[in-house]
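Here's a quick look through one structure, starting with its cysteines and moving on to its ligand site. Have the viewer open as you read.

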Amino acid sequence: MENYSKRAWTEIDLDAVSYNYRMIKSKLKPQTKVLCVLKADAYGHGAPFLYKEYEKLGADWFGVSSIDEAIQLRKSGASIPILIFGYTPPEMVKELARFNISQSLFSRNYAYKLIEVCKKENVKIKVHIKIDTGMSRIGFFSQTLSDIDNSVKEIIGLIKAQELEFEGIFTHFSVADNSLKEKEYTLKQFDNFIKVTKSLENKGINIPLKHCCNSGGIVNFPQMHLDMVRAGLVLYGLYPSEEMKKKIDLKPVMRLKSVISQIKTIPAGTSIGYGRTFITDKERKVATIPLGYADGYSTAFSNKAQMMVCGKRASILGKVCMDQLMLDVSDIEEATENCEITVFGSEKDEVTVNELSEIAKNINYEMICLIGKRVPRIYYRGNEVKGELSYV
Ligand SMILES: *Cc1c(COP(=O)(O)O)cnc(C)c1O
């Protein structure tokens, strides 16, 4: 192993993966199923490798955002059921059937399109009905009593179609991570959802799987777990909100690393980087790092963020370039060329993903999803490399 080039790479901690999975499981009733959300390449952690870990840990389902992600998982060998949360072009129903992938059904028009193509291709597909209880994104709009009646009517008209195998029904929460401030809204979303499911059941429809909880719901609303939960961010050891830290212990899975390519001492009055946004006030020891915004390390960190060099914090000087950036290592005597540095992730006094997303004014989800595809993912259990995923 260790074929990857040590320019910029991520270390994925498989011990943290299993730790987080177990912590999530401990919040659930034994019979509650777990859907592991592997969309966006497992939030940047490498779905074609990580799915195997979750299968070994006992995951029941995988969730992805698109048919391409679903097919990639099947081609990599994933054998458990896969649900696509989002839109699949209707002309691709044959692939849904061929790869045994379940599709979200989110409107009557969309369902008609799918059924039409199923008829033409002579295939049957598995579906989960998506209910919009408060996100106003996709789903049968069900945010008031009259919407709910209407949705139920539409759904009943659809699910008896020969071309569809009705596997489940679900909704998605918009503020479940923020239980203290927004509890009422999540209760309302849940209530809307239960009204839909009850009404369907009263009309004699059997619903095999009901699910609504994302990470926030899993931790904050145990009464809403139903038949299955959909774990995303918490799998990767991050929290959707600060308040959740008190309720579940998680370990961050991803560490981003790079090396020092060159060190130079430059005199006072020297400008650093594009746009000359930093001019030295005194003599400085500057380390160049072969990592830039094309690796997912945003220009928002220019002159702001820090990295760990030999266990000490070093600040970025000047603008982050596409492929490189400069660090102030004036006070870090041990810093040498070729020495490894940690951009974020576990180390003493670590720079966290949250610290960086605050600087970038984005969210921790986004920070990890954005790590570029020329950064290989290296999988560790203990100190041992267990696999690697290179995209370039
Ligand atoms: C992304 C997503 C999830 C997971 O959300 P987290 O907050 O990461 O747990 C669950 N369900 C659906 C429909 C999603 O799109």
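## Cysteine 339 and its neighbour

Cysteine 339 is buried in this predicted model, with a relative accessible area of 15%. That figure earns the label because buried means under 20% relative accessible area. As for a partner, the nearest cysteine sulfur belongs to cysteine 310 and is 4.2 Å away, and cysteine 339 is in no disulfide.

## Cysteine 213 and the disulfide count

How far is the sulfur of cysteine 213 from the closest cysteine sulfur? The gap is 4.3 Å, to cysteine 212, so the two are too far apart for a bond. For reference, the cut-off for a disulfide is a pair of cysteine sulfur atoms within 2.5 Å. Cysteine 213 also counts as buried, this time at 0% relative accessibility.

Go by that cut-off and the tally is zero disulfides. In general terms, a disulfide is a covalent bond joining the sulfur atoms of two cysteines.

## Where the ligand sits

Now for the ligand, which sits in the largest pocket. Around it you'll find Val37, Lys39, Tyr43, Phe85, Arg137, His172, Asn214, Ser215, Arg230, Gly232, Leu233 and Tyr365. Sorted by character, that shell comes out as five nonpolar, four polar and three charged residues.

## Polar contacts and burial

Which atoms of the protein come within reach of the ligand's oxygens and nitrogens? On the side-chain front, serine 215 has an N or O atom 2.5 Å from a ligand oxygen. Histidine 172 brings a side-chain N or O atom to 3.4 Å from a ligand nitrogen. Glycine 232 joins in through its backbone, where an N or O atom lies 3.1 Å from an oxygen of the ligand.

Then there's the surface: the ligand taken alone exposes 390 Å², and the protein buries 93% of that.

Definitions and conventions:
Residues are numbered from 1 along each chain as its sequence is written. This is a predicted model: local features need pLDDT of at least 70, side-chain atom pairs count only at pLDDT 80 or more; totals for chains, interfaces and linings use all residues. Side-chain values use heavy atoms; hydrogens and water are left out. A residue is near a molecule or strand if one of its heavy atoms lies within 4 Å of it. A polar contact is a pair of N or O atoms within 3.5 Å; within protein, one must be able to donate a hydrogen and the other to accept it, and residues adjacent in sequence count only if both atoms are side-chain atoms. Accessible areas come from the Shrake-Rupley method with a 1.4 Å probe; for residues, only the protein chains shown count as cover. On a 1 Å grid over the protein atoms alone, a cavity is a set of points where a 1.4 Å probe fits but cannot get out, and a pocket is an open set with protein on both sides within 12 Å along at least five of seven lines; lining residues have an atom within 4 Å of a point. A molecule sits in a cavity or pocket if more than half of its atoms lie within 2 Å of its grid points. Ala, Val, Leu, Ile, Met, Phe, Trp, Tyr, Cys and Pro count as nonpolar, Asp, Glu, Lys and Arg as charged, and the others, Gly among them, as polar. Buried means under 20% relative accessible area, exposed over 50%, partly exposed in between (1.4 Å probe, protein chains only).
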